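Student: Hi! Could we go through this protein together? I'd like to start with its charges.

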Amino acid sequence: MRRVLLILISVAVAAVLAALVLAWLPTTTRTMSAGALDQDTAAMVEKGRYLATAGDCSACHTAADGQPFAGGLALISPIGIIYSSNITPDRETGIGGYSLNDFDRALRYGISPSGSTLYPAMPYPSYARLRDDDVLSLYAYFMHGVTPVHVANHANGIRWPLSLRWPLSIWRKLFAPDPDQLTAAAIHYADPVVARGAYLVQGLEHCGSCHTPRAITLQEKALDESGSDYLAGGQVQDGWSAVNLRSNAAAGLGRWSAKDLVDLLKVGHSVAHGVIGSAMGDVVVHSTQHLHEDDLAAIAAYLKSLPPAPHEVATFAMNAATAHALEAGINDTRGAELYVDNCSACHRTDGQGYARVFPEIAGNSTVLSADAISLIRLILVGSVSPATAGAPSRLGMPGFASRLSDDEVAQLATFVRQSWGNKASTVTVSSVKAVRENALTAATAP
């Protein structure tokens, strides 16, 4: 028994030593040349401005009522609160002292100038795909096109031992791709439009950061379509479940056209299928509405090229039975009564909504999602569409938390998930209770 114990202790010690070696072994990256900056800095700054907009850098690096890119935004993570950093060119509190290679190592490799690993709240596993010329333009923009702001970085709210940085380097080396290897092993697309869309979606837009499920070790299960989990949805971000962006007919984008997707990203809604709500609104306002039309078309083309994710549990086949019953005044379940009383004025008794204003419920991918958390949250707290240049009016859905009980919300949500041809799982009272508690906690948080 003693011998077995000694063997186990020896193995554990060896594992710890191996982990420490892996963690402390420095990462060597190739050197980039900043010589091109002398050629046409102004043009590079403008290109970098566009790329930073595409990457929606301001969303995380600008706090509410804060200066652009000065950091301080609280990002909720599984290990605690991470505050975004100041990325203005201030030399003391920002990145003004960064060389091009410092900038590149942080952006694509997730390594700070001190050698420590950045928290992957910074999506460097996606930015690893960026080309050298785009990195150079981003550097030119942040050094010459952004106003320096002297704001010290906020200490992260992560308790020891989770606050230790060295385990992050192990995570990075195990799960973050090597930018140089990505270039060598890049997936080739026959259609150059799809290729451009793939570059944007997988890289700057980092769509997978929210829309790809994560493993227990918190890395995205896939970083491109070589994995069937890529963009299959399911992550819960700020209380909302990210939708499936693949071509599933019910819970995905299978019934969407490329134009529907372009419209959604440009103005915040499509003709019929969807209206961007609170969860994605900032992305549309600060990023996608400003993209060139050809880039929006490329993103749509790439998303439409993705095959359905496997194991879809929901289905949709248009069925007029629910519409006929409600139009005839037959409300034979509590869910039907609740729908007529609270929802039908906007979404109609046939579940078709009103084009460009209120989305259809019949066949709606959010309604049919495997996880009903977003539908429950919509019913409880409502949502507001973003104000964009193409659609400046903010249209809102009120929340019904004050007038509907947990049981009533569960019955209403189940009704819309199982009517007009929708076939999705029943919503439980316990699920509604959990969402309500989380929503109320978020609403009262400082």
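Tutor: Happy to! The protein chain carries 32 positive and 39 negative charges, and the mean positions of the two groups are 6 Å apart. Keep in mind that this is a predicted model.

Student: Okay, and how many helices and strands are there in the chain?

Tutor: The protein chain has 19 helices and 8 strands. Its radius of gyration is 24 Å, close to the 22 Å that the globule rule gives for 446 residues, so the chain is as compact as a globular protein of that length.

Student: What does the C-alpha trace span along its principal axes?

Tutor: About 70 × 70 × 45 Å.

Student: And what share of the residues is buried?

Tutor: Buried residues are 47% of the 446 in the protein chain. As for the accessible surface, the total is about 21800 Å², with 60% of that belonging to carbon and sulfur atoms.

Student: Cool. Can we zoom in on a helix? How many residues of α4 are buried?

Tutor: Helix α4 covers residues 100-109, and 7 of its 10 residues are buried, so the helix is largely enclosed by the rest of the structure.

Student: Which ones are they, in α4?

Tutor: The buried residues in α4 are Leu100, Phe103, Asp104, Ala106, Leu107, Arg108 and Tyr109. For reading a list like that, here is a handy bit of background: an α-helix has 3.6 residues a turn, so residues three or four places apart point the same way.

Student: What follows α4?

Tutor: Gly110 does, and its phi is positive, near 75 degrees.

Student: New topic: where is Arg129, and is this residue buried or exposed?

Tutor: Arg129 is in the loop between α5 (124-127) and α6 (132-144). Its relative accessibility is 19%. The cut-off for buried is under 20%, so Arg129 counts as buried.

Student: Which side chain has a polar contact with the side chain of Arg129?

Tutor: That of Asp224, at 2.9 Å. Beyond its neighbours within four places in sequence, Arg129 is also in contact with other residues, including Leu182, Tyr199 and Gln202.

Student: One last residue! Where does Thr388 sit?

Tutor: Thr388 is found in the loop between β6 (383-384) and β7 (396-397). At 4% relative accessibility, Thr388 counts as buried.

Student: So what does Thr388 touch, apart from its neighbours within four places in sequence?

Tutor: Thr388 is in contact with Lys266, Val267, Val284 and Gln289. In addition, a polar atom of the Thr388 side chain lies 3.1 Å from the backbone nitrogen of Ala391.

Note on methods. Residues are numbered from 1 along each chain as its sequence is written. This is a predicted model: local features need pLDDT of at least 70, side-chain atom pairs count only at pLDDT 80 or more; totals for chains, interfaces and linings use all residues. Side-chain values use heavy atoms; hydrogens and water are left out. Helices (H or I, at least four residues) and strands (E, at least two) are DSSP runs, numbered from the N terminus. The radius of gyration is taken over C-alpha atoms; the globule rule is 2.2 Å times the number of residues to the power 0.38. Buried means under 20% relative accessible area, exposed over 50%, partly exposed in between (1.4 Å probe, protein chains only). Accessible areas come from the Shrake-Rupley method with a 1.4 Å probe; for residues, only the protein chains shown count as cover. Lys and Arg count as positive and Asp and Glu as negative; His and the chain ends are not counted. The place of a charge is taken as NZ of Lys, CZ of Arg, CG of Asp or CD of Glu. A polar contact is a pair of N or O atoms within 3.5 Å; within protein, one must be able to donate a hydrogen and the other to accept it, and residues adjacent in sequence count only if both atoms are side-chain atoms. Contact means heavy atoms within 4.5 Å.
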